[in-house]
Amino acid sequence: MPKLILVRHGQSQWNLENRFTGWWDVDLTPQGVAEATAAGALLREKGVLPSYAFTSLQTRAIKTLHLALEAAGRLWIPETKDWRLNERHYGGMTGLDKQETRDKHGDEQVLIWRRSFDVPPPVLEADSAYDLASDPRYAGIAIPNTESLKLTIERVLPYWEEAILPVLARGETVIIAAHGNSLRALVKHLSGISDADITDLEIPTGQPIIYDFDADMVPGARYYLKDA
Ligand SMILES: O=C(O)[C@H](O)COP(=O)(O)O
């Protein structure tokens with residue numbers, strides 16, 4: 001039966017520094033490397049061996065995927081990278097310190113920007129140091145200048161349906177290495193979580209989440225592989 005593995009990248013440099021990251025490309029920390037490797041070792045230990053991989057265009061997710069696959073003995077499987085699995089775009093909050101932003105705007109406002117379903121953060125100005133218009137990986141892509149979770153869902157879900165679901169439906173064990181909010185978008189859909197309740201869902205770094213699908217491609221309850 002098809003099996004889906006979701007894994008959020010290991011700790012990134014800006015996770016460690018407590019800065020809003022979004023589409024900015026930061027690397028894993030040594031702890032993040034260890035988390036990714038441990039995720040792959042867990043896959044091997046539990047015999048959950050991916051046969052096809054998807055990831056974003058962002059270094060922290062790509063490296064997490066490769067470290068996990070190497071630890072699982074599966075570095076050789078086919079993989080597809082796509083911007084639609086990128087982290088939600090953090091707009092004008094990109095690069096800011098999370099605590100300083102709370103001190104300036106208040107906890108409530110920052111929680112709305114971080115976790116509300118449909119309120120996007122302020123837009124990233126075109127002259128920002130974090131503008132990605134000249135990054136060759138996004139050539140031909142209409143790079144957003146901010147995204148709410150709702151807007152993130154609007155690009156993650158079509159990609160799920162067009163690209164990932166058909167691979168899963170042919171019986172593969174699919175791993176998706178992605179980001180806190182692109183995975184929240186997917187989990188919201190797969191677990192049928194309401195717009196209100198999704199606010200409370202947090203996805204930890206480097207911890208494989210599993211969905212088993214039945215013959216009609218209906219997902220079962222999600223669970224953490226460490227608990228299986
Ligand atoms: O983009 C980021 O800063 C993180 O990956 C996720 O941040 P969040 O927990 O504020 O959504």
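The following paragraphs lead from the overall fold of this predicted model to its cores and its ligand shell. In this predicted model, local features need pLDDT of at least 70 and side-chain atom pairs count only at pLDDT 80 or more, while totals for chains, interfaces and linings use all residues. Residues are numbered from 1 along each chain as its sequence is written.

The chain holds seven helices and six strands, where helices (H or I, at least four residues) and strands (E, at least two) are DSSP runs numbered from the N terminus. In sequence order they follow the pattern β-α-α-β-α-β-α-α-α-β-α-β-β. The C-alpha trace spans about 50 × 35 × 35 Å along its principal axes.

Of the 228 residues in the chain, 38% are buried, meaning that 20 or more other C-beta atoms, placed from the backbone, lie within 10 Å of the residue's own. The largest nonpolar core (buried Ala, Val, Leu, Ile, Met, Phe, Trp, Tyr and Cys residues joined through C-beta atoms within 7 Å) has 35 residues, and L6, A68, V174, I176 and A177 have the most contacts inside it. Among the elements that give two or more residues to this core are β1 (3-8), α3 (59-72) and β4 (173-178). Apart from this core lies another, of five residues, including F20 and W113. Leaving aside neighbours within four places in sequence, L6 is in contact with I176, L183, L186 and I209, a contact being two C-beta atoms, placed from the backbone, within 7 Å.

The ligand is surrounded by F20, T21, G22, E87, Y90, R114, H179, G180 and N181, each with its C-beta atom, placed from the backbone, within 6 Å of the ligand.

Note on methods: Buried ≥ 20, exposed ≤ 12 C-beta atoms within 10 Å, placed from the backbone.
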